Amino acid sequence: IFSYQGPIVVCRSVKWILTDPLTVVSPPLPSAVFLQRLVKLFFGCLAAVACGMLYAIYLSTYHDRKFWFSSRQELEREITFQGGSGLYYYYYKRMLTAPSFERGFYELTIDNRTVSGQTINAVERLSLYPELITSFIYRVTGSQDLMEPIYFYIGAVFGLQAVYVTALFVSSWVMSGTWVAGMLAVAWYVINRPDTTKVEHAIPLRDNWALPYFSCQVAALTGFLSNKINSATEMFCYLTMSATTFTFLLVWEHSHYVLFIQGLCLFLLDSFDLMADIHKVYLSSLFLAYLFQFQNPALLSSPLLSLLISSVLARYFQVELASPSRPKYQHFVFLYIRDFVTNFLLCQESFQTPVQDFFLRLTQASVLPFYFLVLFVCLLSTLQTIYRRLSGEPMKTNLRLEDGRIGEQPEVIYHVFHTLLFGGLAMVFEGMKYLWTPYVCMFTAFGVCSPDLWMTVFRWLKLKSIHPVVLALILSTAVPTIIGFSLWREYFPRVLAELSELQEFYDPDTVELMSWIKTQAPMAAVFAGSPQLLGTVKLCSGWAVTSLPLYSDINLLRRSEDTYQVYAMRSAEDVYKILTSHKTNYVIIEESICNELSHNKGCRIKDLLDISNGHVVYDRGEIYSFSKHGRFCQEIKMNYSPYTNYFTRVFWNRSYHVYKVNSVISFQY
């Protein structure tokens with residue numbers, strides 16, 4: 001391997017020059033080759049940034065067209081934050097109205113103006129660091145004179161989505177060696193937008209803030225695992241991984257479960273000695289996130305920490321350890337308690353199995369067929385690599401194109417494990433598709449643009465009629481060109497039509513309700529209702545509520561169960577006692593819940609309440625609800641005693657009925 005030539009030692013296998021026993025320098029590149037690489041890098045970076053910026057502009061334009069955002073009043077704009085996500089924007093507004101950033105931060109840590117009868121640390125409970133950072137930047141940059149706060153807020157989210165697709169671009173580029181793969185990955189991501197992101201429906205959601213950082217972390221990890229980088233680039237990737245992992249943990253309460261799955265992928269790589277030790281990245285990020293989240297015990301009981309401890313022990317003590325068991329943690333308490341909370345969470349859309357339309361959309365966009373092709377080749381080559389490692393054969397550190405061993409590239413092996421684990425979960429849970437589909441687009445684009453993949457196939461086929469290297473280079477250019485042209489012809493007119501079409505989104509009943517609350521309800525009033533509606537109430541009025549649309553807190557879920565009793569078969573007295581125990585002044589009844597019609601009958605709110613309250617009778621496989629009391633939300637509209645003794649209707653329209661909870665009970669017969 002080594003040869004001595006005077007004062008210079010040449011290492012021919014890895015092509016490094018040792019001029020001194022402690023100094024390593026790379027061999028000088030010819031000026032023409034260096035210039036060619038520099039031009040390629042410049043145009044690749046330019047294409048990546050352009051794709052990200054164009055996607056952000058597209059999101060902004062589409063959002064304005066969909067909601068008529070620029071022509072709406074402030075109240076109507078805030079109502080467009082759907083699914084209770086507007087609660088997060090409320091805290092952003094509150095930070096801007098505080099006398100100073102420090103004072104606003106302190107008030108959020110001892111917040112007694114949100115949940116009735118409770119003082120909560122809103123920063124920890126709701127993961128409000130995105131709102132804190134965005135409000136701080138808005139203050140210090142003097143953006144008050146340039147744009148309204150709401151535009152700055154949604155602009156920050158759209159900017160992060162630009163970073164998201166740019167990171168996917170870079171990942172595919174690094175793996176394939178061509179930035180054409182990055183452009184194809186972004187194209188597939190945008191085309192399959194309903195299955196890759198939720199940013200169009202609920203902008204302030206935590207995963208819209210967090211997943212761009214996870215995408216950057218995956219891109220940095222891909223570069224770190226690559227054998228084609230120098231020491232300076234490796235250090236940059238390592239630092240980027242550390243920063244993005246910490247940020248990802250900080251802004252999303254469920255992030256450590258995602259990192260646990262990623263950690264399993266890296267654990268498999270480590271088991272076959274296919275990667276360097278990066279446990280320090282996770283451990284340091286967990287420690288910092290634990291401190292910044294006010295010593296959050298959830299991080300100490302997370303499966304990620306259990307996995308890291310097991311990995312470290314296995315590495316340093318070289319003993320066979322049993323797999324860590326999942327701790328009984330509050331986010332998963334519904335797995336152990338069979339009641340309303342259990343069924344309510346399991347009935348959420350995120351926990352349902354994917355519908356057939358999901359796979360049909362991916363197939364029509366041509367991503368799914370090519371995904372299976374790329375996955376089959378990479379998985380089979382990876383299994384061959386693992387077999388060689390178990391047989392004691394060392395991995396080649398200087399792979400060439402003609403070797404046809406795509407499964408010996410550590411970054412490819414990682415992404416095979418990544419897509420298999422996340423894909424397996426996506427086949428069971430609908431919500432996991434937003435973590436799987438973006439990387440399906442990236443992984444597939446890398447595969448069809450990679451000469452190594454085609455060369456691997458040709459080596460298996462033992463192709464001799466045509467030189468396999470030449471054919472691999474031709475196919476790695478021709479196939480993505482054909483795919484890109486077909487996507488352009490079919491989907492580009494649709495994208496332009498979306499931007500030119502004015503859509504109508506207007507909810508006059510909700511606007512009327514929020515206007516009444518702001519003008520008629522006293523400032524000390526406490527409102528009860530569904531968590532999603534209460535998030536909008538809190539955003540538009542600022543009044544206290546009985547619960548919040550936060551499904552990771554068991555105490556808030558219990559309070560939501562109590563306020564949902566207005567849709568159960570309970571007596572007026574029972575409901576009155578429950579509401580007054582939470583200091584409720586007004587209760588909002590929604591027609592859409594009271595008279596809900598759904599094919600999935602067992603998952604309606606009133607069905608879940610009947611099961612929890614024991615008001616269900618099973619007869620010959622059918623489920624019937626029965627109680628000596630009528631359904632409260634229907635009976636109270638009749639306006640007769642005893643309901644009028646406890647409640648007084650103060651507002652109603654087609655969608656909502658608002659009742660005041662009487663402080664003094666008047667018995668009328």
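Two residues count as being in contact here when their heavy atoms lie within 4.5 Å. Keep that in mind as you go through these close-ups, which come from a predicted model.

**Figure 1. Phe527 and the company it keeps.** Leaving aside neighbours within four places in sequence, Phe527 is in contact with Ile517, Ala521, Leu534, Val537, Trp543, Ala544, Val545, Thr546, Thr584, Tyr586 and Ile588. With a relative accessibility of 0%, Phe527 counts as buried, because the cut-off for that is under 20%. Phe527 also turns up among the residues with the most contacts inside the largest nonpolar core, along with Cys378, Phe443, Leu513, Met514, Ile517 and Ile588. That core has 151 residues, and its largest share, 13 residues, comes from helix 7 (residues 149-176). Apart from this core lies another one of 30 residues, including Ile554, Val566, Val575 and Ile605.

**Figure 2. Thr546, tucked away in a loop.** Look for Thr546 in the loop between strand 6 (544-545) and helix 25 (554-563). Thr546 is buried, at a relative accessible area of 1%. Not counting residues up to four places away in sequence, the ones Thr546 touches include Val115, Ser116, Phe527, Arg559 and His582.

**Figure 3. Two aromatic pairs, two geometries.** The whole structure contains 42 aromatic pairs. In one of them, Phe214 meets Tyr439 edge-to-face, with 6.1 Å from centre to centre and 80° between the planes. This pair links distant parts of the chain: Phe214 belongs to helix 10 (residues 206-225) and Tyr439 to helix 20 (residues 433-449), 225 residues apart. Phe214 is buried at 1% relative accessible area, and Tyr439 is buried too, at 3%. Now for Phe527 and Tyr586, whose rings are stacked: the centres are 5.2 Å apart and the planes 20° apart. Here strand 5 (residues 526-528) supplies Phe527 and strand 7 (residues 586-590) supplies Tyr586, with the two positions 59 residues apart. Tyr586 counts as buried, at 9% relative accessibility.

**Figure 4. A ring cluster, and charges over rings.** Ring pairs join Phe358, Phe359, Tyr371, Phe372, Trp436, Phe443 and Phe446 into a cluster. Elsewhere, look at Arg77: its charged end sits over the ring of Phe69, 5.6 Å from the ring's centre. Arg206 does something similar with Tyr88, lying over the face of the ring at 3.9 Å from its centre.

**Figure 5. The disulfide between Cys347 and Cys603.** There are two disulfides in the structure. In this one, the sulfur atoms of Cys347 and Cys603 are 2.0 Å apart. The torsion about the S-S bond is about -75°, so this disulfide is left-handed. Cys347 sits in the loop between helix 16 (340-346) and helix 17 (356-364), and Cys603 in the loop between helix 27 (591-594) and helix 28 (605-613), so the bond ties together parts that are 256 residues apart in sequence. Cys603 is partly exposed, with a relative accessible area of 23%.

**Figure 6. The disulfide between Cys594 and Cys633.** Cys594 is joined to Cys633, S to S 2.1 Å. The torsion about this S-S bond is about 80°, so the disulfide is right-handed. Cys594 comes from helix 27 and Cys633 from helix 29 (residues 632-635), 39 residues apart. Both cysteines are buried. Count the bonded cysteines along the chain and you get the pattern 1-3, 2-4.

Notes. Residues numbered from 1 in each chain as written. Predicted model: local features only at pLDDT ≥ 70, side-chain atom pairs only at ≥ 80, totals over all residues. Heavy atoms only, no water. Helix = DSSP H or I, 4+ residues; strand = E, 2+ residues; numbered from the N terminus. Buried < 20%, exposed > 50% of the residue type's maximum accessible area, 1.4 Å probe, protein only. Phe/Tyr/Trp six-rings, centres within 6.5 Å; stacked < 30°, edge-to-face > 60°. Lys NZ or Arg CZ within 6 Å of the ring centre and 35° of its normal. Core = buried A, V, L, I, M, F, W, Y, C linked by side-chain atoms within 4.5 Å. Disulfide = S-S within 2.5 Å.
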